[in-house]
Amino acid sequence: MKTLQPLKQPRPVAVETGESGEPVAVVLSGRRLAVAQVQDVWRIDDEWWREEVSRLYYRLVLEDDRPVTVYHDLASHHWFKQDYD
């Protein structure tokens, strides 16, 4: 039987957005990488009874073909990178 393991902790990341608010570039290791494709977008709103969780996630492909998942914390207005490995 497989056991559940928590996701890696998200890390703050610099994200440049366009007029619509979608990411157009992400800064990784001091390098600005343009977003080549937005593969998926989803929103999570949860735990309103404890601490509000309201996030807008983006699954992106960057100009160097690297896939990355970032989210915009709609409560704090900060961006984070979420790793799944």
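How many aromatic pairs does a search of the whole structure find? The search finds four aromatic pairs. This report on a predicted model treats the sheet, the aromatic pairs, the nonpolar core and the salt bridges in turn.

**Sheet architecture**

Seven strands make up an open sheet, arranged in the order 1-7-6-5-4-3-2 with antiparallel pairing. Strand 1 (11-12) and strand 2 occupy the edges and have a single partner strand each, so one side of each is left without a neighbour in the sheet.

Strand 2 (residues 14-17) pairs with strand 3 (residues 23-28) in the antiparallel sense through four bridges. Within this pairing, Glu16 has Ala25 of strand 3 as its bridge partner. The two strands form a hairpin with five residues between them, and Gly21 in the turn has a positive phi of about 95°.

On its other pairing, strand 3 is joined to strand 4 (residues 31-46), again antiparallel and over four bridges. Here Ala25 is opposite Ala34 in strand 4. Strand 3 and strand 4 also form a hairpin, with two residues between them; Ser29 in that turn has a positive phi of about 50°.

Strand 6 and strand 7 (residues 78-81) run antiparallel and are joined by four bridges. Val70 is placed opposite Lys81 in strand 7.

**Aromatic pairs**

Tyr57 and Tyr71 form a tilted aromatic pair, 4.9 Å centre to centre with 40° between the planes. Tyr57 belongs to strand 5 (residues 53-62) and Tyr71 to strand 6, so the pair ties together parts that are 14 residues apart in sequence. Tyr57 and Tyr71 are buried.

A further tilted pair consists of Tyr58 and Trp79, at 5.8 Å centre to centre and 35° between the planes. Since Tyr58 lies in strand 5 and Trp79 in strand 7, this pair ties together parts that are 21 residues apart in sequence. Both of these residues, Tyr58 and Trp79, are buried. In addition, ring pairs link Trp42, Tyr57, Tyr71 and Phe80 into a cluster.

**Nonpolar core and its surroundings**

In soluble globular proteins, nonpolar side chains tend to be buried together. The largest nonpolar core of this model has twelve residues: Val13, Val15, Val26, Leu28, Leu33, Val35, Tyr58, Leu60, Leu62, Val68, Val70 and Trp79. At least two residues of this core come from each of strand 3, strand 4, strand 5 and strand 6. Strand 5 gives the most, with three residues.

Val70 illustrates the contacts of a core member. Apart from neighbours within four places in sequence, Val70 is in contact with Val13, Pro23, Leu56, Tyr57, Tyr58, Leu60, Trp79, Phe80 and Lys81.

His72 is located in strand 6 (residues 67-73). Its relative accessible area is 18%, which is under the 20% limit, so His72 counts as buried. When neighbours within four places in sequence are set aside, His72 contacts Ser54, Arg55, Leu56, His77, His78 and Trp79.

Gly21, in the loop between strand 2 and strand 3, is partly exposed at 29% relative accessibility. Not counting residues up to four places away in sequence, Gly21 touches Tyr58 and Trp79. By contrast, the C-alpha atoms of Gly21 and Glu51 are separated by 24 Å, these residues being 30 apart along the chain.

**Salt bridges**

Side chains of opposite charge can pair when their charged atoms come close. The count for this model comes to five salt bridges; three of them, including their N to O distances, are tabulated below.

| Salt bridge | N to O distance |
|---|---|
| Arg11 and Asp83 | 3.1 Å |
| Glu16 and Arg32 | 2.9 Å |
| Arg43 and Asp45 | 2.8 Å |

The pair of Arg11 and Asp83 links distant parts of the chain, with Arg11 in strand 1 and Asp83 in the segment after strand 7, 72 residues apart. Arg11 is partly exposed at 43% relative accessibility, and Asp83 is partly exposed at 21%. Salt bridges with shared partners join Arg11, Lys81 and Asp83 into one network.

The pair of Glu16 and Arg32 likewise links distant parts of the chain: Glu16 is in strand 2 and Arg32 in strand 4, 16 residues apart. Glu16 has a relative accessible area of 39% and is partly exposed; Arg32, at 47%, is also partly exposed.

In the remaining tabulated pair, Arg43 counts as exposed at 51% relative accessibility, whereas Asp45 is partly exposed at 48%.

Technical notes: Residues are numbered from 1 along each chain as its sequence is written. This is a predicted model: local features need pLDDT of at least 70, side-chain atom pairs count only at pLDDT 80 or more; totals for chains, interfaces and linings use all residues. Side-chain values use heavy atoms; hydrogens and water are left out. Two strands pair if DSSP finds at least two bridges between them. Buried means under 20% relative accessible area, exposed over 50%, partly exposed in between (1.4 Å probe, protein chains only). Contact means heavy atoms within 4.5 Å. Rings of Phe, Tyr and Trp (its six-membered ring) pair if their centres lie within 6.5 Å; planes under 30 degrees apart count as stacked, over 60 as edge-to-face and the rest as tilted. A nonpolar core is a set of buried Ala, Val, Leu, Ile, Met, Phe, Trp, Tyr and Cys residues joined through side-chain atoms within 4.5 Å. A salt bridge is a side-chain nitrogen of Lys or Arg within 4 Å of a carboxyl oxygen of Asp or Glu.
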